[in-house]
Amino acid sequence: MVVFFVIPLLLTVVWSVFERTMFWMEPGFTLFSYENFFFSARLENFVVSMLHSSVSVFFSFLIGFPIAVFIRRRVAKIAQHRVMLLFILPFMVSEIIRIFALRPILSRNGLINNFLMDFNFIDSPISAFVFTPTGVVIGEIVSFLPFMIFSTFLALEAIPNYVFEVCADLGVNRRRMFKDILLPLAAPGLFAGGVFIFVNGIGIALIPTILGGPGSVNAGLIATQAIIALDFPLAMAVSAIMMFTLMGLLFIGHKLFNLTKLLEPIS
Amino acid sequence: MFKTRRNFLKKSALVAASTALSQSLIMEAFAADPLKIWTIGVAKVTKTWDEMGKQAGVPLTYSAKSGSADQAIQKFFVGDGQKLYDAITDNGGGQEDAMSDNGAIVPIDTSKIKNWKNLLPRYNEGNAGANTIRNKKGEIVGVPYISNADSMAYNKTKVGGDINTWDALFDSQFKGYAAMQNDSGPTLTTTAIYLKESGKQDIVNPSDMSKSEVKGVCEFLIGMKKKGQFRTFWDGFGNGVDLLASEEVLVSSCWEPIAVIAAKKGADIHYGTMKEGHQTWNNVWMLTKGGKQRGQEANFYKLMDMYLSPWFGARTLSNLGFTPQMTGVNEYVNANPDTFDAKAKKTIAARLVGKEARMAVKGNSWQNLYPKEMRAYQDWWSKVQAA
């Protein structure tokens, strides 16, 4: 914990207040990198990328939650883990290929537009599927949806079967089952999945690079671009801000949902 | 110990001779090691690096490098680059100064490179490219092996003819079908060249703009972006190719190899000469201090002989469309009909003509990796991205 988390985090914070030199940095204390971040368009880019990631989390919940519930409740116990393994398969393909493969599907001359035009649903291709914020959100959902399914399933797996049996005996309808049973009990898993998606969404530079519009960036790309421009203290400041954002999220999540429940043994 | 001066001199001479001998033996022993090179993939024009080594007569150990300048800076200024690599490549136009100023590379003895005489005259002192291979003291520290004047690729069938002005990139008739590179350096320089040469903005040096000039250029790009002119800013070779090959964009400022490969994929992609000018650049080989200390100088010069031979020039032009840095390419191609058939000869000749035309445009501006107002470039570029 100390070697892999505390020391790197401390170093990141320390370097972020160093003085920038032409090609590296030198010890000192300046908040210029933070000023450079918070009082420039970088903050706007950071906030927009958080917004996109939040939308991705929301849609991943809409898609992933029913899938996790279906596997937990409708698939035979013996096969549940095997079915979950199927969602790992996409991760065996390089991420860049997975994301790039969306281009021929979503582009103006892509499969979806061709299909819609062939069947006369539209007259001209829809440009908004890719090279737009929509493209980034689609890319994030496709890439990170399994995280939502895994963590939600994990949370649901911890719910003893008798809970569902009692609900059935008492004639609880689906809406109440969802609202009062599944959602509260799956909340730690949903939150954990949401954090995974959110953090990857703001951190992984590939998706806005390949599917985003002109100049589309996220926090990861802001840091990368600072490194390319040899502004190492700025890159460290962006990384520190990302880490503190994440830690803040985890703290709130833990207070609200007690995330340790996820790691408790299944009774 | 030394009873007479003669004895002293004899013993001193013996010690000096044995030291020199052992040093040269050590150097030779080191030189028998492969030359450890750190370079970009396009420096290879054969199938394997072994073949490149055989052609040069030097065993090579290759490590892959990105085209990004920060990588070499990090590896050599704060990393273990000196231990790892004998020779590296990077962009001329700033990087050679940075590397030389910090003692990462050493001056090159051009008299030891037989093919140095082939080098294009643009690198002679006083000419446009001279500074890109020299350090601030005027010593030669880089051997250029590829270069280009970056221009615009366009889909001739779809745009209805040839294009010879950057106006097209910003023309509303191609709204949503234009792309530029997602890199502040080339994109701001290219836009500055256009704005300067078309009389739309006063800019002294498009490669080294003042803060207010950077602001003007970026505000122009922000305006264009808000109007929906750009489909995207491409990043990476494959990305650039795909945009043109899939006809997702019809006009794009890009590297020539992107246009070459996109055309090979079937789209009617051409690479024009823009009347306003282009950002010109080169990539150079450098001998590291560590490489020299390990006795790899002779191997380095052998390798440079290969890189300055028409053998390499013809292949880099034919395969990827990079500009050869030496004279005699056409003659070499004509003398080797088994390697270059009539079609390849025609392609090479046409590309050379196109390159000469682009290089001759008055408004061209050489790449500058470290403009004086770099922070303004970065800050304004983030505003372009946020717009």
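**Exercise 1. A covered helix**

Find which residues of α13(B) are buried in this predicted model, and work out what they pack against.

*Solution.*
Step 1. Locate the helix: α13 covers residues 310-319 of chain B.
Step 2. Go along the helix and pick out the buried residues, which are Pro310(B), Trp311(B), Phe312(B), Gly313(B), Ala314(B), Arg315(B), Thr316(B), Leu317(B) and Ser318(B). That makes 9 of the 10 residues, and the helix is mostly covered.
Step 3. Look for the partners of these buried residues. They pack against α2 (49-56), β4 (143-155), α12 (297-307), α14 (329-335) and α15 (342-359) of chain B.
Step 4. Finally, see what comes after the helix: α13(B) is followed by Gly321(B), which has a positive phi, near 85°.

**Exercise 2. Two alanines in chain B**

Decide whether Ala87(B) is buried or exposed, do likewise for Ala262(B), and list the contacts of each.

*Solution.*
Step 1. Place Ala87(B): it is found in strand β3 (residues 87-91) of chain B.
Step 2. Count its surroundings. A residue is buried if 20 or more other C-beta atoms lie within 10 Å of its own. Ala87(B) has 25 of them, so Ala87(B) is buried.
Step 3. Leave aside the neighbours within four places in sequence, and Ala87(B) is in contact with residues including Leu35(B), Ile37(B), Trp285(B), Met286(B) and Phe300(B). Leu287(B) is also a contact of Ala87(B); the two are 200 residues apart in sequence, yet their C-alpha atoms are 4.7 Å apart in space.
Step 4. Turn to Ala262(B), which is found in helix α10 (residues 256-264) of chain B. Ala262(B) counts as buried because it has 25 C-beta neighbours inside 10 Å.
Step 5. With neighbours within four places in sequence set aside, Ala262(B) is in contact with Ala153(B), Val241(B), Leu244(B), Ala245(B), Ala267(B) and Ile269(B). Asn155(B) is 107 residues from Ala262(B) in sequence and 9.9 Å away in space, C-alpha to C-alpha.

**Exercise 3. The nonpolar cores**

Find how many residues the largest nonpolar core has, and which of them have the most contacts inside it.

*Solution.*
Step 1. Recall a general tendency: in soluble globular proteins, nonpolar side chains tend to be buried together.
Step 2. Here the largest nonpolar core has 109 residues, and those with the most contacts inside it are Val238(A), Ala87(B), Met286(B) and Met304(B).
Step 3. Ask which element gives the most to this core: helix α8 (residues 133-157) of chain A, with 14 residues.
Step 4. Apart from this core lies another, of 49 residues, with Tyr177(B), Leu243(B), Ile269(B) and Val384(B) among them.
Step 5. Return to Met304(B). Beyond its neighbours within four places in sequence, Met304(B) is in contact with Ile113(B), Val143(B) and Trp285(B).

**Exercise 4. Checking the length of α8(A)**

Compare the span that α8(A) should have with the distance between its end C-alpha atoms, and find where the helix bends.

*Solution.*
Step 1. The helix has 25 residues, and at 1.5 Å a residue α8(A) should span 36 Å. The expected span uses one less than the number of residues.
Step 2. The end C-alpha atoms of α8(A) are 35 Å apart, which agrees.
Step 3. Look for a bend: α8(A) turns by about 50° at Phe144(A), and Pro146(A), a proline, follows within four residues.
Step 4. Check the cover: 21 of the 25 residues of α8(A) are buried.
Step 5. Step back to the loop between α7 (111-118) and α8 of chain A, where Asn120(A) lies. Asn120(A) has a positive phi, near 60°, although it is not glycine. With 7 C-beta neighbours inside 10 Å, Asn120(A) counts as exposed.

**Exercise 5. Where the chains meet**

Describe the side of chain B that touches chain A: how many residues does it have, and which element supplies the largest share?

*Solution.*
Step 1. Count both sides: 27 residues of chain B are in contact with 24 residues of chain A.
Step 2. On the chain B side, α3 (69-78), β6 (230-234), α9 (237-245) and α16 (374-386) each supply at least two residues.
Step 3. The largest share, 8 residues, comes from α16(B).
Step 4. Sort this side by class, and you get 9 nonpolar, 9 polar and 9 charged residues.

How values were computed. Residues numbered from 1 in each chain as written. Chains lettered and ligands numbered in written order. Predicted model: local features only at pLDDT ≥ 70, side-chain atom pairs only at ≥ 80, totals over all residues. Core = buried A, V, L, I, M, F, W, Y, C linked by C-beta atoms within 7 Å. Buried ≥ 20, exposed ≤ 12 C-beta atoms within 10 Å, placed from the backbone. Contact = placed C-beta atoms within 7 Å. Nonpolar A, V, L, I, M, F, W, Y, C, P; charged D, E, K, R; others polar. Bend = angle between axes of the 7 residues up to and from the residue.
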